[in-house]
Amino acid sequence: MAGNIYFWIIYAVVIASAIIALEATSLLWAAVSFVVLLSEIALVYFGLNMPILGGIQLAIYAGGVTILVLFAIMMIGESYRKPPGKAVKAIVLSLILLVVGVVISFASAIDTLPFKTYSTEYLGTVFVERYSFFTIVLGFIVAAILYMANAIITKKREAK
Amino acid sequence: MLLEADIHAYLFLSFSLFAVGVYGLLSRKSVIRMLFAVEMIINAANINFVIFSAQRNVDGEIFTFFTIGLAALEAAVGLAIVIVFYKRFGEVIPSKIKNLRW
């Protein structure tokens with residue numbers, strides 16, 4: 001498990017911002033920490049020579065999803081917060097999952113191959129040749145899900 | 001390359017983020033934070049896709065595009081449900097969302 005100093009700095013920022021996003025008292029600061037988390041993951045993608053993916057991560061996650069969450073925070077706030085001190089089981093289970101994952105990662109004898117760099121042209125070619133039909137299906141799924149969200153919000157309560 | 005790390009280090013990052021997400025989902029502090037936790041779990045899966053894609057073939061990177069899009073939709077629908085629940089009941093308690101039917 002070797003990495004240079006930049007990787008471990010990014011690791012520390014990712015995990016710290018994830019914990020702050022869950023534990024910060026102010027929900028607004030939690031949202032800011034969430035933006036930091038998503039931007040750092042985009043940095044991981046940029047560091048792996050995947051600039052298109054990093055840009056999409058920044059645009060959709062750090063941009064779109066965060067704006068949605070900020071609107072929700074402004075509309076409803078944190079109307080309910082469970083009292084702290086009852087999270088021991090969750091901490092134990094998540095630590096068990098972490099240990100099991102790391103053990104499986106080392107025991108499965110995955111080799112570190114040299115990292116490849118894909119050009120944008122090759123990425124687009126594979127996307128169109130192999131996944132164009134799936135993209136059409138996904139378009140219908142997107143339309144259906146957005147229609148469902150609209151129906152959920154605008155549906156009036158029926159008289160009994 | 002700026003980031004020099006082997007695959008086990010990236011997998012450790014992914015598993016750590018997944019563990020934090022599971023903790024956030026199970027401790028259930030509020031609905032918005034549960035949504036944060038779900039997004040963390042999805043991002044951990046995305047890192048797995050991307051790191052194996054960087055070593056083997058480009059399909060994992062393309063699948064991550066789809067995953068990011070669907071995660072944004074999931075956030076939209078989740079927040080829509082939360083806002084409707086707030087309009088209906090005045091507060092959003094995670095364990096009471098089974099009462100959403102009207």
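Here is a walk through a predicted model, starting with chain A and ending where it meets chain B.

Let's begin with chain A on its own. It is built from five helices and has zero strands, so to speak a plain α-α-α-α-α when you read along the sequence. What about its overall dimensions? The C-alpha atoms of chain A fill a box of roughly 65 × 45 × 25 Å along the principal axes. The radius of gyration of chain A is 21 Å, while a compact globule of 160 residues would come in near 15 Å. Just 19% of the 160 residues of chain A count as buried. As for contacts inside chain A, take those with a separation of 6 or more: 44% of them link residues 24 or more positions apart.

Now bring in the partner. How many residues does each chain give to the contact? Chain A puts in 75 residues and chain B puts in 62 residues. On the chain A side, the elements that give two or more residues are helix 1 (5–23), helix 2 (27–47), helix 3 (51–76), helix 4 (88–107) and helix 5 (120–154). Sorted by class, that side of chain A has 57 nonpolar, 11 polar and seven charged residues.

Zoom in on one pair of helices in this contact. Helix 3 of chain A packs against helix 3 (residues 59–89) of chain B, with the axes 10 Å apart and an angle of about 5° between them. Angles under 35 degrees count as roughly parallel, so helix 3 of chain A is roughly parallel to helix 3 of chain B. Which residues meet here? From chain A they include A:L53, A:I56, A:I60, A:Y61, A:G64 and A:L68, and among their counterparts in chain B are B:F65, B:I68, B:G69, B:A72, B:L79 and B:Y86. The residues of this helix-to-helix contact divide into 18 nonpolar, four polar and one charged.

Finally, have a look at helix 1 of chain B, residues 7–27. Is this helix mostly covered or mostly open? Mostly covered: 16 of its 21 residues are buried. Its length also checks out, because 21 residues at 1.5 Å a residue should span 30 Å, and the end C-alpha atoms of helix 1 of chain B are indeed 30 Å apart. Just after this helix comes B:R28, which takes a positive phi of about 50°.

Methods: Residues are numbered from 1 along each chain as its sequence is written. Chains are lettered from A and ligands numbered from 1 in the order in which they are written. This is a predicted model: local features need pLDDT of at least 70, side-chain atom pairs count only at pLDDT 80 or more; totals for chains, interfaces and linings use all residues. Two residues are in contact if their C-beta atoms, placed from the backbone, lie within 7 Å. Helices (H or I, at least four residues) and strands (E, at least two) are DSSP runs, numbered from the N terminus. Ala, Val, Leu, Ile, Met, Phe, Trp, Tyr, Cys and Pro count as nonpolar, Asp, Glu, Lys and Arg as charged, and the others, Gly among them, as polar. The radius of gyration is taken over C-alpha atoms; the globule rule is 2.2 Å times the number of residues to the power 0.38. A residue is buried if 20 or more other C-beta atoms lie within 10 Å of its own, exposed if 12 or fewer, and partly exposed in between; C-beta atoms are placed from the backbone. The expected span of a helix is 1.5 Å times one less than its number of residues. Axes are lines fitted to C-alpha atoms, for helices over the stretch in contact, and angles run from 0 to 180 degrees between N-to-C directions. Angles under 35 degrees count as roughly parallel, over 145 as roughly antiparallel, 65 to 115 as roughly perpendicular and the rest as oblique.
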